[in-house]
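Work through the exercises below with the structure open beside you. Try each task before you read its solution.

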Amino acid sequence: MSGNDENLIVEVDQQIARITLNRPERRNALSLALMRELLDCLRSFGESREISAVILAAAGNVFSSGHDLSEMRGRTIGDYRKLFEVCVEMMTEIQRIPQPVIAEVQGVATAAGCQLVATCDLAVASETAKFATPGVRIGLFCSTPMVALTRAVGRKRALEMLMTGAPIDARTAAEWGLVNRVVPAEQLRTEAENLARQIAEASPMTLGLGKHAFYTQIDLDQAKAYDYTREVMSLNAMAADAQEGICAFLEKRPPQWSGK
Amino acid sequence: MSGNDENLIVEVDQQIARITLNRPERRNALSLALMRELLDCLRSFGESREISAVILAAAGNVFSSGHDLSEMRGRTIGDYRKLFEVCVEMMTEIQRIPQPVIAEVQGVATAAGCQLVATCDLAVASETAKFATPGVRIGLFCSTPMVALTRAVGRKRALEMLMTGAPIDARTAAEWGLVNRVVPAEQLRTEAENLARQIAEASPMTLGLGKHAFYTQIDLDQAKAYDYTREVMSLNAMAADAQEGICAFLEKRPPQWSGK
Amino acid sequence: MSGNDENLIVEVDQQIARITLNRPERRNALSLALMRELLDCLRSFGESREISAVILAAAGNVFSSGHDLSEMRGRTIGDYRKLFEVCVEMMTEIQRIPQPVIAEVQGVATAAGCQLVATCDLAVASETAKFATPGVRIGLFCSTPMVALTRAVGRKRALEMLMTGAPIDARTAAEWGLVNRVVPAEQLRTEAENLARQIAEASPMTLGLGKHAFYTQIDLDQAKAYDYTREVMSLNAMAADAQEGICAFLEKRPPQWSGK
């Protein structure tokens, strides 16, 4: 399966989907049209049993420069609300679909582009990647990006990025927890794909259940998080794939997942 | 004082209690029986004025491999609920008792074993220790362990451990905030004991009050956390040990704690 | 503009305000009088359109040793409540005023002095700076300081500082996210001022709006944080300075801020 349109290139190989932001001449700006296509694409993968992991990559030298500023001049409040509504919906969908979503960051990721990286479950970056939230410099503070950024890198580091707009390099992003791994540019795609394949060996039922539980428990206080995850784990233990996995482990053989 | 039974070895020396997980042949798996004994032991220390710190160690090469999988095959939902209820109760007790609880991690800590390390107030690890949440590989996502893990290491790092199941080494665990210190294996016990003794020099009243306040404020928003801790600190200032400590400091002499 | 009184030195140069804690002979202890003056000073800067950033520095070898212990012997509960109420009010004001507040830490910052650093939006430290929350050693647990400390450095690191009272050095503070940058002592003031000037190039309207949004969203769960910041960013986009900034960027010219 392979598709190509103006904004996104979509490829699927052995159950790993690869979405490539494909507006390199516009620095992969997240136009309203692109965000809607990305949202639709994520939704459809989320419902597919043929997809076990999603890689989000980008064409050209820039991962994404964030919102498309040419769409942001002289619009009505209704237009802006619609734009940020779709943006938040798309970001939220990344965490809502059952498959892991891995950002493969080959270049600069700024503003909502940085938010996109912070939002993905995991992120692999090239040594040449950079990250910034420079909205403050054009009078438009990166207020929605900071929701994801703050929760990834903590307070003082987020505030420095948000208030100065200055970029951090890939090593710093890894030290701060914004990305998981940094590799030379020529190994980037292989690293992202290996990570996706490694995760995809697991039962998709288990992965989907775990990812959902992760984002549900993270905003609860600890007592509530335990009340919730205790029940999730009890139900998980009853599932066919858990029983198969436990037996296979005790019998020292590879498990056979039924997806149930 | 010294005790020994099937699952735990308990020793007390100069008000420092040492609990050793003692099922090395079962990789110190947290069977229901072991968890109940550990819970009882923690409760009893929590009520004792003779104990000023608790070290949680383990016999053999493995710190703990988590739940006992031999107890998790073909059980009822009621059995699983009971298992995770006792597990959460035991983890919660570690943070509820007034004394500091220090994990002394000599080997691999996986799944609920990793949760145990994440849950202790402090953790010292040997250079040879490793940490993983590999449940995803046997179909049983580490949903209760992730409550403690996420709150120790943050989102992307927790997700990588949870989704891949791959281990991290002790240095990485220290960089991510999962453990406080890493030392050569032969210095591990001394390091944990020195840390315990250093903390135990403080007034036990103050330590217990502070530990309780720590876990209460951490899940509140900042304004509520300040409303709460303002009152805690005002009351603390009235206590005999605070007045003694302030006077001793101003008079440049060692304080004499009354425990009040 | 320049002022000088017993507790604080206040200077303003090119819209950057510099407040210097000026009780070096008392290790810049935060007496009730000093905290009230600092609170008034912050409030007045917060309302001023002539100030675009605030640097909080200290005279002598110590940044601040925290509360003034000579004020904490044998007082009534009402006295202590008043003391911590003013302290929390002052700390909160740092985050409430629209301008960025940068701690310039030249020496030891302990207890409420450490809280002050953790509370500032940003912090630059000299290589010789140290940080500690040693209240536990004098019977008075650093319960209000821990609200800020925990939210800056995470659980296990905060607990180690709180339970042992032992200091960390400036490099460690940077690795843990308590300060943003560490520089040689002789570059400290220049570094803080350059950071302030870099931030002050932005539209003050945008900076103030963004800082307010930052501290509002940080204690919300992610869904609520997005509901809130979506609206903030939509309104921000309508503002004159955002429209000017976007146009200037697209036209490759420097923006002219109106502050609206």
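**Exercise 1: The end of a helix**

Task: Find the residue that follows α4(C) and give the sign of its phi.

Solution. The residue after α4(C) is C:Gly154. Its phi is positive, near 90°. Keep in mind that this is a predicted model.

**Exercise 2: Inside or outside**

Task: Decide whether helix α4 of chain C is enclosed or open, and list what its buried residues pack against.

Solution. Step one: locate the helix. Helix α4 of chain C covers residues 143-153.

Step two: apply the cut-off. A residue is buried if 20 or more other C-beta atoms lie within 10 Å of its own.

Step three: count. In this helix, 11 of the 11 residues are buried, so the helix is largely enclosed by the rest of the structure. Among them are C:Ser143, C:Met146, C:Arg151 and C:Val153.

Step four: find the partners. From chain A comes α5 (155-164). Chain B supplies α8 (204-217) and α9 (222-238). Chain C itself adds α2 (77-96), α3 (112-119) and α5 (155-164).

**Exercise 3: A cysteine in another helix**

Task: Place C:Cys247 in its helix and classify its exposure.

Solution. C:Cys247 sits in helix α10 of chain C, residues 240-250. Now take its neighbours. C:Cys247 is partly exposed because it has 17 C-beta neighbours inside 10 Å. Last, check a distance. C:Glu104 is 143 residues away along the chain, and the two C-alpha atoms are 36 Å apart.

**Exercise 4: Relating the copies**

Task: Work out which kind of axis relates chain A to chain C.

Solution. Start with the operation. A 120° rotation, with 0.0 Å of shift along its axis, puts chain A on chain C at an RMSD of 0.0 Å. This is therefore the relation of a three-fold axis. In chain A, the C-alpha nearest the axis belongs to A:Glu175, at 5.0 Å.

Next, take chain C and chain B. A turn of 120° and a shift of 0.0 Å along the axis lay chain C on chain B, with an RMSD of 0.0 Å. Here C:Glu175 is the residue of chain C that comes closest to the axis, its C-alpha at 5.0 Å. The copies use different surfaces, as 3% of the contact residues of chain C recur in chain B.

**Exercise 5: The contact between A and C**

Task: Describe the side of chain A that touches chain C.

Solution. First, the totals: chain A brings 33 residues to the contact and chain C brings 43. Second, the helices: α2 (77-96), α4 (143-153) and α5 of chain A each supply at least two residues of this side. α5(A) gives the most, eight residues. Third, the chemistry: this side of chain A has 15 nonpolar, eight polar and 10 charged residues.

Technical notes: Residues are numbered from 1 along each chain as its sequence is written. Chains are lettered from A and ligands numbered from 1 in the order in which they are written. This is a predicted model: local features need pLDDT of at least 70, side-chain atom pairs count only at pLDDT 80 or more; totals for chains, interfaces and linings use all residues. Helices (H or I, at least four residues) and strands (E, at least two) are DSSP runs, numbered from the N terminus. A residue is buried if 20 or more other C-beta atoms lie within 10 Å of its own, exposed if 12 or fewer, and partly exposed in between; C-beta atoms are placed from the backbone. Two residues are in contact if their C-beta atoms, placed from the backbone, lie within 7 Å. Copies are superposed by least squares on the C-alpha atoms of residues with pLDDT of at least 70 in both. Ala, Val, Leu, Ile, Met, Phe, Trp, Tyr, Cys and Pro count as nonpolar, Asp, Glu, Lys and Arg as charged, and the others, Gly among them, as polar.
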